[in-house]
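Please look over the model shown here with an eye to how its two chains meet. The briefing goes from one helix pair to the symmetry and then to the whole contact.

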2 protein chains.
Amino acid sequence: MRIAELSRRSGVPVPTIKYYLREGLLPAGELTSPNQARYSEGHLHRLRLVRAVVEVGGLSIAAVREVLGALDDPEKSLHKAMGTISAAVAPPDLGGDDEVAHEQARAFVERQGWVYRPKSYAYRALVGVLATAREVGHERFAETLDGLARAARPLAEADLEYVRGAETEDEALEGVVVGTVLGDAAMAAVRAIARRELSGQRATEDDPCPPPDA
Amino acid sequence: MRIAELSRRSGVPVPTIKYYLREGLLPAGELTSPNQARYSEGHLHRLRLVRAVVEVGGLSIAAVREVLGALDDPEKSLHKAMGTISAAVAPPDLGGDDEVAHEQARAFVERQGWVYRPKSYAYRALVGVLATAREVGHERFAETLDGLARAARPLAEADLEYVRGAETEDEALEGVVVGTVLGDAAMAAVRAIARRELSGQRATEDDPCPPPDA
């Protein structure tokens with residue numbers, strides 16, 4: 001298909017597609033004349049994946065390049081892909097020198113019986129969140145972590161099940177991307193719905209006026 | 001304090017502080033001469049809050065303005081603030097016309113015994129995630145939602161407990177911001193650590209080589 005059809009079918013504007021091509025997020029099409037290229041169903045699929053991680057995950061172009069690199073890596077493995085993708089979606093390294101935040105994170109991980117990996121991206125992301133919470137005066141935020149861990153264990157099991165439900169290795173790797181980026185966004189939405197539901201129940205008990213949409 | 005001290009204590013560069021002042025994210029300081037202003041501890045606190053939601057939550061300037069508006073609203077209430085903050089952190093409205101995604105979200109909410117609020121931001125965010133998953137060929141992603149809900153219920157309880165643990169109304173409102181923005185980031189990090197832990201255990205059972213950091 002031509003770029004116009006690629007745009008129509010993906011919903012991504014032509015200038016954005018050209019930008020992704022220049023940035024190497026989408027492989028070049030097959031040239032059919034000096035200034036025309038043909039794109040395949042594979043391009044369409046990759047383009048949709050780029051759009052998903054950019055629009056839902058809010059990933060930067062650099063982070064998307066990392067994520068796609070994990071899918072295209074000739075020595076790819078599920079385990080390696082998980083590492084790369086955790087790195088790409090992690091917020092910038094914020095809490096580097098906050099020793100209290102480091103201590104809170106370490107105590108938390110050890111309480112869970114988990115391996116202490118201070119250099120892993122997910123761990124550093126956690127330290128960053130704790131340091132930020134402390135900076136805005138919410139030291140007690142660290143007390144919420146054990147509750148998060150209780151919720152996270154069955155989710156992590158489900159994440160791995162989801163990946164294992166794939167039929168091919170490429171599908172499994174994509175499952176890691178989708179499960180991580182869309183999974184975090186879905187969790188945020190479901191948590192907000194549940195919070196709203198509870199808060200609405202309580203508001204209704206005290207006050208018969210219907211609460212505004214949240 | 002002068003702007004230089006505000007910068008030093010917050011870790012936010014002076015040009016960025018000036019940008020926040022121009023954008024109205026930080027109230028103007030008290031003018032002490034035509035081109036010098038004095039800032040209070042209140043400014044420092046607000047600046048740290050802005051930094052937290054921008055850097056950890058990845059919120060846009062427009063979204064931060066919405067969030068802060070909820071804190072400054074003279075008719076503010078916890079319930080209203082939750083609505084505004086859900087709206088601000090929700091990803092752009094993506095799945096508008098995907099009827100299957102709408103149906104998946106509606107069936108999910110009804111299965112949970114929750115009120116169906118198709119116009120709420122959290123619900124629309126969920127439809128957007130489901131539509132995106134379908135677009136990249138992950139129709140079965142919708143099957144993961146019930147697991148998310150089981151995890152989300154106790155978290156939502158904890159979120160409300162956290163807010164109720166505040167001593168003043170302003171602190172409670174800030175608790176909604178911190179609990180939502182930092183809470184989602186912390187959950188993503190903890191889920192990644194738990195996933196890594198499980199995946200590492202399995203990798204070690206099959207293969208004695210230590211897996212790379214993730």
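Helix 8 (residues 145–164) of chain A packs against helix 8 (residues 145–164) of chain B at an angle of about 175°, the axes being 9 Å apart, where axes are lines fitted to C-alpha atoms over the stretch in contact and angles run from 0 to 180 degrees between N-to-C directions. The two helices are therefore roughly antiparallel, a term for angles over 145 degrees. This is a predicted model, in which local features need pLDDT of at least 70 and side-chain atom pairs count only at pLDDT 80 or more, while totals for chains, interfaces and linings use all residues. Residues are numbered from 1 along each chain as its sequence is written, and chains are lettered from A in the order in which they are written.

**Helix pair**
- Contact, meaning C-beta atoms placed from the backbone and lying within 7 Å, involves A:Gly147, A:Arg150, A:Ala151, A:Pro154, A:Leu155 and A:Ala158 on one side, and B:Gly147, B:Arg150, B:Ala151, B:Pro154, B:Leu155 and B:Ala158 on the other.
- These residues divide into 8 nonpolar, 2 polar and 2 charged, with Gly counted as polar.

**Symmetry**
- A turn of 180° with a shift of 0.0 Å along the axis lays chain A on chain B with an RMSD of 0.0 Å, superposed by least squares on C-alpha atoms of residues with pLDDT of at least 70 in both.
- That is the relation of a two-fold axis.
- A:Ala151 comes closest to the rotation axis of the residues of chain A, at 2.3 Å (C-alpha).

**Whole contact**
- Chain A gives 77 residues to the contact and chain B gives 78 residues.
- Helix 9 (169–206) of chain A supplies the largest share of the side of chain A that touches chain B, with 20 residues.
- That side has 45 nonpolar, 15 polar and 17 charged residues.

How values were computed: Helix = DSSP H or I, 4+ residues; strand = E, 2+ residues; numbered from the N terminus. Parallel < 35°, antiparallel > 145°, perpendicular 65-115°, else oblique. Contact = placed C-beta atoms within 7 Å.
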